[in-house]
Amino acid sequence: MSNAPIGIGLLGYGTVGSAVDRLLRARREDVTRVVGAPVAIRRALVRDASAPRAGAPAAGLLTEDFAVIRDDPGIAVVAEVMGGVEPTRTWMLELFAAGKSVVTANKQLLARHGAELFAAAEQHGVQLRFEASVCAAIPVVKVLRESMIASEVTAVLGIVNGTTNFMLTAMAQGADYATVLAEAQRLGYAEADPTEDVTGADAAAKVAILASIAFHTRVTIDDVPHEGIDTLDSVDVAFANDLGYSVKLIGQARRVPAGVVVGVAPTLVPHTHPLSAVAGSFNAVMLRGDAIREVTLVGPGAGGDETASAVIGDLMGVLGTSNSGFLRADGFFRSLPIVPPAEVESPLYLRLDVRDEPGVLAAIATILAEEAVSIDSVVQRAAEGRALLVIVTHPAPEGAARRAIARIAELAFCEGEPVVLRVLPTT
Ligand SMILES: NC(=O)c1ccc[n+]([C@@H]2O[C@H](COP(=O)([O-])OP(=O)(O)OC[C@H]3O[C@@H](n4cnc5c(N)ncnc54)[C@H](OP(=O)(O)O)[C@@H]3O)[C@@H](O)[C@H]2O)c1
């Protein structure tokens, strides 16, 4: 393993850029192992290096001069996390010409100029990766590009804008559009200017990128007709709900005999459909194909750390495959002990067949308390002098709960073996 750090450049040190710096430093050891050498951010480009900022950039890290990054031979790869179309496009082309690979979070740039940028990267023998440009933490680009090679993808559809999904979830509970937009802005889900989100333009850029990689054909944002939720009346969300549907802003790309159909529109989704249950600011993408049938990926589709995690994944993808890192070798580097399930806390469902007489519940509760197992809920069904008693516990070490259950099974009023099932905790 070499000790010379491999240099990374950042274009942008805002929400995502500062999170990339912080997470790379926090996970220095893991990153070194993946890449096969230490990695260091050498410079980060900003508009105003003297502006106060929340992140804690090292002294001398920030620069206002793009050429410093482009011309630094110590920088092997650049993360573009500044956004916008120009000068970003021009600078990206200059980075390729300088022999540097780029990873980007910029959906608008790719959805407009993808063809030109990929061609330039190929011409100069460098990589352009873009996982963070679609649905932040959800690794949908990697899955579509690398894991679906043996499948003919027939459709990609989903909820690809968290701001509008947050708003629609609230509208389904009766809130009106203006109130939920103000709430989304207060919570930081919606920008001060929410136009891109609420008109569907943000989702359309993501659909263009997803359609391009799913069907191996160039689809630009101009090809994607989009309607947003800005003209949606909450009365229709309520009617749809009464009829058994959620209203979701669905982006989709489908392969049809004549070609590819793409679009973004508010759409009624049956309550029984998996996308109906995707609530709040979460995103979900469904992939359909001949060999895979259906795969759904769900997770946070925005946020500084979530997007930075995808940016770092792409940086590792570039660096970890070109050195002696673990992406080219065995991924195991430690030996963690296997923990017996009995030592892990879980809520349990317990069904007992008992004689219906005074003191039964108290005796059971006493034993559970002695083993430090607390009761969450109790249901009793009586029949002909007997009762079925169902107890759900709070999370407890399984060993203690099973000791308590064995003692309860010994009590004179208990018939047969108690039934014990695990309960999945909510988090
Ligand atoms: N935030 C998210 O949740 C999220 C999610 C998915 C994708 N993205 C994408 O990630 C990218 C970055 O988003 P962000 O939220 O981190 O933005 P941001 O907080 O506004 O940060 C942008 C950074 O780029 C710098 N910058 C912008 N234009 C520049 C220019 N012309 N010259 C030099 N520096 C410039 C800014 O410098 P100053 O600091 O000096 O202003 C700032 O440091 C965008 O493409 C966005 O669409 C973001």
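In this predicted model, helix α1 provides the largest share of the shell around the ligand, namely three residues. Helix α12 takes part as well, since α1 and α12 each supply at least two residues of that shell. In total, 24 residues surround the ligand, and the closest are Gly 12, Gly 14, Met 82, Gly 83 and Ala 105. By character, the shell divides into 12 nonpolar, 10 polar and two charged residues.

The two helices that line the ligand also pack against each other. A pair of packed helices is described by the angle between the axes and the distance separating them. For α1 (residues 15-26) and α12 (residues 304-319), the angle is about 65° and the axes lie 8 Å apart. Their crossing is right-handed. On the α1 side, the contact is made by Thr 15, Val 16, Ala 19, Val 20, Leu 23 and Leu 24. These meet Gly 304, Asp 305, Thr 307, Ala 308, Ser 309, Val 311 and Ile 312 of α12. Eight of the residues in this contact are nonpolar, four are polar and one is charged.

Turning to helix α6 (residues 140-147), which of its residues are buried? They are Val 140, Val 141 and Leu 144. These residues lie on the same side of α6 because they cover an arc of only 105° around the axis. An α-helix has 3.6 residues a turn, so residues three or four places apart point the same way. The cover over the buried residues of α6 includes helix α10 (201-215) together with strands β10 (282-289) and β11 (293-300).

Definitions and conventions. Residues numbered from 1 in each chain as written. Predicted model: local features only at pLDDT ≥ 70, side-chain atom pairs only at ≥ 80, totals over all residues. Axes fitted to C-alpha atoms, helices over the stretch in contact; angles between N-to-C directions. Helix = DSSP H or I, 4+ residues; strand = E, 2+ residues; numbered from the N terminus. Left-handed = near helix turned anticlockwise from the far one by under 90°. Contact = placed C-beta atoms within 7 Å. Nonpolar A, V, L, I, M, F, W, Y, C, P; charged D, E, K, R; others polar. Buried ≥ 20, exposed ≤ 12 C-beta atoms within 10 Å, placed from the backbone. Arc of directions from axis to C-beta. Near = placed C-beta within 6 Å.
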